[in-house]
Amino acid sequence: MGRIDIGGQAVIEGVMMKGPTHYAVAVRKSDDTIDVDVKRTNSLLDKSKLFKLPIIRGMVVFVESLVLGTKTLTYSAELFGDEELEEESKFELWLREKLGEKTEKVLLALTMCLSFALAITIFMLLPMWLSQLFRPLIPSSFALNLIEGVFRITIFLLYMKLVSNLNDIQRTFQYHGAEHKTINCLEQDMDLTVENVRECTRLHKSCGTSFLFIVMVVSILVFSVFTTTNLWIRTIVRIIMVPIISGISYEFIRWARKNSNSSLSELVSKPGMWLQKEFTTIEPDDKQIEVAIAAVQGVLNSEGSIS
C-alpha cells in the first residue's frame with residue numbers, strides 16, 4: 001500500500017489516530033470491549049494554497065489539533081465514563097435550554113478557550129511576570145528575556161513532573177506510548193500485530209511533547225527581538241505571538257521528521273525525546289496496544305488502505 005502519514009493522541013482510556021482525510025478514536029470501554037468511532041476530517045490546508053505556506057501551515061495545524069484534541073478527549077471521557085448517572089450542572093441545563101442542539105459545540109468551545117487561556121497564562125505570561133522581579137537588578141530587556149525563558153522551561157518541566165505522578169495521567173501516558181509504538185510499527189512497514197508493536201520504541205520525533213519543548217525554545221528567540229520595558233506591551237506581544245511561535249516550531253518539527261538521519265535533526269529532537277522518555281510516555285500493556293492498533297486500522301480502512 002502507499003505510505004500514509006498518521007499522527008495521533010492519547011485520550012481517556014484510548015487513542016485517537018488521524019490520517020489525511022479521516023480520524024478514528026478507539027476507547028476501551030468499562031465492559032472491556034473496544035469502541036472505534038471513525039469520522040471524516042476537513043482541513044483548511046485543503047482550502048487554499050495560502051494555508052500551505054511555511055509558518056502559516058503550522059498555525060493552521062496548531063489550531064486544528066487543539067480543536068480535534070479537545071473534541072476527542074471529551075468524546076472518550078463521555079464514552080468511558082458513566083455520564084448518564086451524572087447530573088448536569090445548572091449552567092449546562094441553562095445552556096441546553098437556551099441553545100438546544102448547539103449546547104455540546106458551545107461547551108466544547110468554552111472548554112477549548114479556557115484550556116488555551118490557562119496554557120497562555122501559565123507558560124507564556126507567568127514566566128514574563130516573574131522575570132520582571134529582576135528588573136531593578138537587571139535593566140537589560142534582553143537579559144530579562146533570557147531569564148524569562150529559564151522560568152518558562154522550568155515551569156514546563158515542573159508541570160510535566162507533577163502530572164506524570166498522577167495515576168490517571170499515567171494510564172494516559174501508557175496509551176501515549178501505545179500510540180507511538182503503533183505509528184512506529186506502521187512507519188517501519190511491519191504488520192500491525194501486538195507482538196510487532198510491542199517491539200517498537202515508544203518515542204517519536206513528531207510527538208506533541210517535542211513540539212511543546214520547541215515552542216519553549218523558539219519563544220526565547222522570538223521574544224528576544226522585543227525589548228520594550230512596558231509591561232502591558234510585553235504581555236500583549238506574548239499573547240499575539242503565540243500562533244506565530246507555534247508556526248515556526250511546527251517547521252522545526254516537520255524538518256526534523258523529513259531529515260531524520262541528519263545530525264542536526266538528532267540534536268533538535270533530543271530534548272523532546274528525553275521528555276517523552278522521562279515524563280510523557282510509559283510502556284503500554286497488550287490491551288492498550290490493541291486499542292492503538294484498532295484506531296490505526298480505523299483510519300487505514302477509511303483511507304482505502306489495507307494494513
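**Exercise 1. Helix H7**

Task: H7 is mostly covered, with twelve of its 16 residues buried; list these buried residues and compare the helix length with the expected one.

Solution. The structure is a predicted model.
- Step 1. The buried residues of H7 are Thr209, Ser210, Phe211, Phe213, Ile214, Val215, Met216, Val218, Ser219, Ile220, Val222 and Phe223.
- Step 2. From its first C-alpha to its last, H7 reaches 22 Å. At 1.5 Å a residue, 22 Å is expected for its 16 residues, and the model is close to that.

**Exercise 2. The chain as a whole**

Task: State how many helices and strands the chain has, what share of its residues is buried, and how its contacts divide by sequence separation.

Solution.
- Step 1. Eleven helices and four strands make up the list of elements in the chain.
- Step 2. The chain has 307 residues, and 41% of them count as buried.
- Step 3. Take the contacts between residues at least 6 apart in sequence: 66% of them join residues at least 24 apart.

**Exercise 3. The largest cavity**

Task: Find how many cavities of 30 Å³ or more there are, and describe the lining of the largest cavity.

Solution. Rolling a probe the size of a water molecule over the atoms shows where empty space is left.
- Step 1. The count comes to one cavity of 30 Å³ or more. The largest cavity holds about 40 Å³ of space.
- Step 2. Its lining consists of Lys205, Ser210, Ile214, Ile253, Ala256, Val268, Ser269 and Gly272.
- Step 3. By residue class, the lining of the largest cavity divides into four nonpolar, three polar and one charged.
- Step 4. At least two lining residues come from each of helix H7 (208-223), helix H9 (242-258) and helix H10 (263-280). H10 gives the largest share, three residues.
- Step 5. Two residues from Exercise 1 return here: Ser210 and Ile214 are buried residues of H7, and both belong to the cavity lining.

**Exercise 4. Helix H11**

Task: Check the span of H11 against the expected value, then identify its N-terminal cap and the elements its buried residues pack against.

Solution.
- Step 1. H11 covers residues 286-302, which is 17 residues; at 1.5 Å a residue it should span 24 Å, and its end C-alpha atoms are 24 Å apart, so the two values agree.
- Step 2. At the N-terminal end, aspartate 285 acts as the cap of H11, with a side-chain oxygen 3.1 Å from the backbone nitrogen of lysine 287.
- Step 3. The buried residues of H11 include Gln288, Ile289, Val291 and Leu300.
- Step 4. The buried residues of H11 pack against three strands, E2 (14-18), E3 (22-28) and E4 (34-40), and against helices H5 (167-187) and H6 (194-199).

**Exercise 5. Two residues of helix H1**

Task: For serine 76 and glycine 58, give the burial and the contacts beyond four places in sequence.

Solution.
- Step 1. Serine 76 lies in helix H1, residues 56-80. Its relative accessibility is 0%, so serine 76 counts as buried.
- Step 2. Serine 76 is in contact with Val11, Ile12 and Val27, leaving aside neighbours within four places.
- Step 3. Glycine 58 is also found in helix H1. With a relative accessible area of 1%, under the 20% limit, glycine 58 is buried.
- Step 4. Residues up to four places away not counted, glycine 58 touches Ser246, Gly247, Tyr250 and Glu251. The C-alpha atoms of glycine 58 and isoleucine 244 are separated by 8.3 Å, although these residues are 186 residues apart along the chain.

**Exercise 6. Asparagine 145**

Task: Which polar contacts does the side chain of asparagine 145 make with phenylalanine 223 and arginine 238?

Solution.
- Step 1. Asparagine 145 is in helix H4, residues 141-164, and at 2% relative accessibility counts as buried.
- Step 2. A polar atom of the asparagine 145 side chain lies 3.0 Å from the backbone oxygen of phenylalanine 223.
- Step 3. The side chains of asparagine 145 and arginine 238 are joined by a polar contact of 3.0 Å.
- Step 4. Beyond four places in sequence, the contacts of asparagine 145 are Phe223, Ser224, Phe226, Arg234 and Arg238.

**Exercise 7. Positive phi**

Task: Where do isoleucine 55 and aspartate 189 lie, and are they buried or exposed?

Solution.
- Step 1. Isoleucine 55, in the loop between E4 and H1, has a positive phi of about 75° although it is not a glycine. Its relative accessible area of 33% makes isoleucine 55 partly exposed.
- Step 2. Aspartate 189, in the loop between H5 and H6, has a positive phi of about 60° and is not a glycine. At 68% relative accessibility, aspartate 189 counts as exposed.

Definitions and conventions: Residues numbered from 1 in each chain as written. Predicted model: local features only at pLDDT ≥ 70, side-chain atom pairs only at ≥ 80, totals over all residues. Heavy atoms only, no water. 1 Å grid on protein atoms, 1.4 Å probe; cavity = no way out; pocket = protein on both sides within 12 Å on 5 of 7 lines; lining within 4 Å. Points joined across faces, edges and corners; volume = space filled by probe spheres on them. Nonpolar A, V, L, I, M, F, W, Y, C, P; charged D, E, K, R; others polar. Expected span 1.5 Å × (residues − 1). Buried < 20%, exposed > 50% of the residue type's maximum accessible area, 1.4 Å probe, protein only. Contact = heavy atoms within 4.5 Å. Polar contact = N/O pair within 3.5 Å; in protein donor to acceptor, adjacent residues only side chain to side chain.
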